[in-house]
Amino acid sequence: MNDLSPLRTLIKERIGLHFDAASETTLREALARRIAHTASDGPAAYLARLRADETELMALGSLLTINETYFYREAQHLELLTDHLIPTLRARDRAPPETPIRILSAGCSSGEEPYSIAIALEQRLGAEAAAAVRISAGDLDPEVLERARAGRYGAFTFRALDPALRARHFTRLDNGQHQLAAAIRARVDFLALNLLARDYPPGLQGQDVIFYRNVSIYFDPPTRAQVLAQLARLLNPGGFLIVGVAETLANDIGLLRQHVHRGIFYFSNDPLAPPARASASASV
């Protein structure tokens with residue numbers, strides 16, 4: 001395929017990923033790998049398959065993004081959640097009162113983020129966390145989601161995790177990997193989620209906190225605004241959105257209210273403050 005523009009257009013329209021001419025090498029390498037993997041009869045046949053096969057499109061999209069992550073990445077957000085946002089939410093009236101706090105990890109990759117959330121909540125709330133909080137996690141690629149559900153990880157993914165937490169929640173396997181405890185795995189529900197889809201799974205409505213970290217870097221500004229609007233609609237009134245440290249400015253587009261707590265930025269879907277009135281002009 002000499003001209004990659006049809007491929008770039010399809011990826012942009014269907015899953016929102018933006019690749020300009022500078023990304024041609026990345027696209028060509030991914031294209032070659034998926035053609036070989038699917039035994040497609042050349043680029044044109046593979047492009048036709050992409051248009052008809054949602055699963056293959058998700059697999060290509062996963063290949064084009066960086067799925068490498070690790071436990072307790074940007075740990076200040078976990079501290080914000082456990083020490084500020086959760087107490088704030090628990091202080092509010094909930095109907096019925098026993099309704100669990102709902103948290104979504106959007107773009108969860110292989111599961112380190114939602115499982116980190118579950119571990120951090122266990123540290124904060126103890127056994128009560130299982131009933132007090134419901135965690136959902138979504139990503140494009142079904143294969144990545146299966147790895148997340150399995151909860152088996154290599155040592156490198158623990159580089160930011162306290163060794164005491166690793167010893168408490170993981171069991172070393174004979175192959176050198178580490179198995180996450182079933183009690184923690186049971187607290188996360190994984191599902192396929194295309195952030196650019198017209199409609200999200202109906203069960204995702206009514207979130208209290210959404211983690212949307214290190215995902216919007218792959219979107220151009222119009223796509224970023226579209227996805228942000230979709231996520232905002234998932235939030236309960238007064239719900240919170242947490243983005244990656246390097247993504248705050250890119251997502252501060254006037255849709256959600258920006259806050260800072262102890263130097264950590266986050267957003268809420270509280271009504272935005274009205275613009276300041278211009279001072280009365282001097283009489284002429």
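Strand β2 (residues 133-139) is largely enclosed by the rest of the structure, because six of its seven residues are buried. The model is predicted. Its mean pLDDT over the chain is 88, and 92% of the residues reach 70 or more.

Strand β2 pairs with two other strands. With β1, β2 runs parallel, and six bridges join them. Within this pairing, Arg102 stands opposite Arg134 of β2. With strand β6 (residues 188-192), β2 also pairs in the parallel sense, here over five bridges. Ala137 has Phe190 of β6 as its bridge partner. Ala137 is also among the residues that Ser105 touches.

Ser105 belongs to strand β1, which spans residues 101-106. Ser105 counts as buried because its relative accessibility is 0%, and the cut-off for buried is under 20%. The side chain of Ser105 makes a polar contact with the side chain of Glu113, at 2.5 Å. Beyond four places in sequence, Ser105 touches Glu113, Pro114, Ser136, Ala137, Gly138 and Phe211. Of these contacts, Ser136, Ala137 and Gly138 fall within the residue range of β2. Phe211 falls within that of β7, residues 207-212. The surroundings of Ser105 thus include residues from two strands, β2 and β7.

A further set of pairings centres on strand β8 (residues 235-243). Strand β8 is mostly covered, with seven of its nine residues buried. Strand β7 (residues 207-212) pairs with β8 in the parallel sense, over five bridges. In this pairing, Val209 stands opposite Phe240 of β8. Helix α11 (residues 221-234) forms a unit with these two strands: β7, α11 and β8 make a right-handed β-α-β arrangement.

Strand β8 also pairs with strand β10 (residues 264-268). This pairing is antiparallel and has two bridges. Phe240 stands opposite Ser268 of β10. Phe240 of β8 therefore has a residue opposite it in each of two strands, Val209 in β7 and Ser268 in β10.

One segment calls for caution. Over residues 278-284, pLDDT stays under 50. For this segment the model has zero contacts beyond four places in sequence. Where pLDDT is low, predicted coordinates should not be read in detail.

Key:
Residues numbered from 1 in each chain as written. Predicted model: local features only at pLDDT ≥ 70, side-chain atom pairs only at ≥ 80, totals over all residues. Heavy atoms only, no water. pLDDT = per-residue confidence, 0-100. Contact = heavy atoms within 4.5 Å. Helix = DSSP H or I, 4+ residues; strand = E, 2+ residues; numbered from the N terminus. Buried < 20%, exposed > 50% of the residue type's maximum accessible area, 1.4 Å probe, protein only. Polar contact = N/O pair within 3.5 Å; in protein donor to acceptor, adjacent residues only side chain to side chain. Pairing = 2+ DSSP bridges. Right-handed = clockwise from strand over helix to strand, strands pointing away.
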